[in-house]
Amino acid sequence: MTEPTIAILDFGSQYAQLIARRVREQHVHSRLFAPGVRPAELRAAGVVGIILSGGPASTYDSAAPRLDATILDMGCPVLGICYGLQILAETLGGRVSAGATREFGRARLTIHASDALLAHVPPESNVWMSHGDVVESVSDQFESLASTPACPMAVVRHKMLPIRGAQFHPEVTHTAYGAQIIRNFLYDICRCAGTWRTQDIVRHAIDDIRARVAPDARVICGLSGGVDSSVVAALLHEAVRDRLTCIFVDHGLLRSNEADLVEATFRDHFKTDLHVVDAAERFFARLRGVTDPQEKRRRIGHEFIEVFKAEATRIPNARYLAQGTLYPDVIESGHGHAGTTASIKLHHNVGGLPAELGFELIEPLRDLFKDEVRQMGELLGLPREIVWRHPFPGPGLAVRILGEVNPERCDLLRRADAIVTEEIRSAGWYDKIAQAFAVLLPVATIGVMGDGRTYAGQHVLVLRFVQTTDFMTAEWVHIDPIVLDRISTRVVNEVRGINRVTYDITTKPPATIEWE
Ligand code: XMP
């Protein structure tokens, strides 16, 4: 049976998957489609409503993505957002032009006609705008329902067809009643039942993997110890059972207990075929004498691929490689559905293995956000410690050891980091902080211990605790000083080689989260 589905036509917006996520949050199934999708495909997918996303193009450009007008005759309710509104207006005889004033940020929306889409939204509220073009005129089949000072047609409705559009973005949290507007569209206009749950995402992902993987082939999954690759491995385990091989490259730059936890989970609990490659010596040899952060990353990335490739080619019948790519990774590298998303930042994950390895890629988390993946992890029975572990960079502790990375320094940092984690966990802060870790500086400062001075061979430890939702910006955490005190006392007493502990109070920007 096909699940009642909301189709999101992706015109290349940064926000297309965010719309999908908002729909999932209302317990309705959604799927992204390319902008030119035909009605037959939508019908076959069980589509009961259509949302047209925003996008970076201008409808009056010849290369702009178009809408197949016949989908407007399907009888399905349609909601156009930003570019989606503009393409609707243009397709139905209106005019779009470059606005006299561009609107970016908050705007005040005034409602002047009632409609199901705007039910329970007060007459005046804040909305989030992000557009340069405006709908200059609509055909007389449309009426305006709401406006902002710079945009007379901020919400419009077709007089005969179930077609509506909004110039602002209901999917972003800055639009005060955005969730209400989406709920109105789904429940009152599309008549969705709201039965979709994270459990269904898990079930679909497993079904998709089963449908894709040939019955005689094996799937390789690269495990990093983080939640994303662990969820992928657990999904694959459900889908293909003993045709899964997991590879875990221990590069010697891991946090305390990380390798043990992966083994306990995947070998002992899930009973998967797990290959642990102990490559620490190789990595340390490659890092000897290297102090430049980018050079460290380059060498680690290169070595990782070599080690992984050598292991993977030894697995008979392996045809697929599974990766835990998330939607924010996809969008950051500029590969949205329509292929037109503006590129913001190149993703720097070591786990991104190159195409020349010759495997078919399986990326079951490509449409999802981190918190959804965590919910899936819980449903799949992964240990809490993996599901809720703070993110950790692919190059590991190497980017948290300034200067040369060697086994001794790595050991110092690992022990200090374990104390940090233990203390913030026992004080109840761990789950409230997005990322908390320690950085080792190759700086000797004078200290006094017992009757003597300490200096030679000593290091400074920096604590970096940040709060963030998207890791693009971050605030330092105003943590209880008693926790800092406990960490500092324990570190200088228990980790010989660290005689000073400091706390980083810089936001991102201007600083980054990591020190390198
Ligand atoms: P920055 O330091 O750029 O970090 O503010 C943002 C987020 O990305 C993580 N990070 C990395 N992740 N490989 C990764 O897989 C890397 O080279 C890398 N550098 C930073 C960082 O931990 C934070 O969560």
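Reader: In what order do the five strands of the open sheet stand, and what is the pairing?

Author: In this predicted model, five strands make up an open sheet. The pairing between them is parallel. Strands of a sheet pair through backbone hydrogen bonds, either parallel or antiparallel. The order is S12-S11-S10-S13-S14.

Reader: Which strands are the edge strands of this sheet?

Author: An edge strand here pairs on one side only. That applies to each of two strands, one covering residues 273-278 and the other 360-362. The edge strands are therefore S12 and S14.

Reader: By what angle are neighbouring strands of this sheet turned against each other on average?

Author: The average is taken over neighbouring strands of the sheet, with direction ignored. The resulting angle is 30°.

Reader: Which residue in S13 does Cys221 stand opposite?

Author: Strand S10 spans residues 218-223 and strand S13 spans residues 318-322. The two pair in the parallel sense over four bridges. The residue in S13 opposite Cys221 is Ala322.

Reader: Which helix packs on the sheet, touching S10, S11 and S12, and what angle does its direction make with that of S12?

Author: The helix is H7, residues 258-269. Helix H7 touches S10, S12 and strand S11 (244-250). The direction of H7 makes with that of S12 an angle of about 160°.

Reader: Is the crossover from S1 to S2 right-handed or left-handed?

Author: Strand S1 (residues 5-9) and S2 pair in the parallel sense over five bridges, and Ala7 stands opposite Arg31 in S2. Between these strands the chain passes through helix H1, residues 16-25. This β-α-β crossover is right-handed.

Reader: How many residues of S2 and of H1 are buried?

Author: Strand S2, residues 29-33, is mostly covered, with four of its five residues buried. H1 is mostly covered as well, and its buried residues include Arg21, Arg22 and Arg24. For H1 the count is nine of ten residues.

Reader: Which residue just after H1 takes a positive phi?

Author: The position lies just after H1. Its phi is about 65°, and the residue is His27.

Reader: Why does Cys151 form no disulfide, and how many disulfides are counted?

Author: A disulfide requires two cysteine sulfur atoms within 2.5 Å. The closest cysteine sulfur to that of Cys151 belongs to Cys82 and is 9.3 Å away, so the pair is too far apart for a bond. Cys151 is buried at 3% relative accessible area, and Cys410 is buried at 0%. The number of disulfides counted is zero.

How values were computed:
Residues numbered from 1 in each chain as written. Predicted model: local features only at pLDDT ≥ 70, side-chain atom pairs only at ≥ 80, totals over all residues. Heavy atoms only, no water. Axes fitted to C-alpha atoms, helices over the stretch in contact; angles between N-to-C directions. Contact = heavy atoms within 4.5 Å. Buried < 20%, exposed > 50% of the residue type's maximum accessible area, 1.4 Å probe, protein only. Right-handed = clockwise from strand over helix to strand, strands pointing away.
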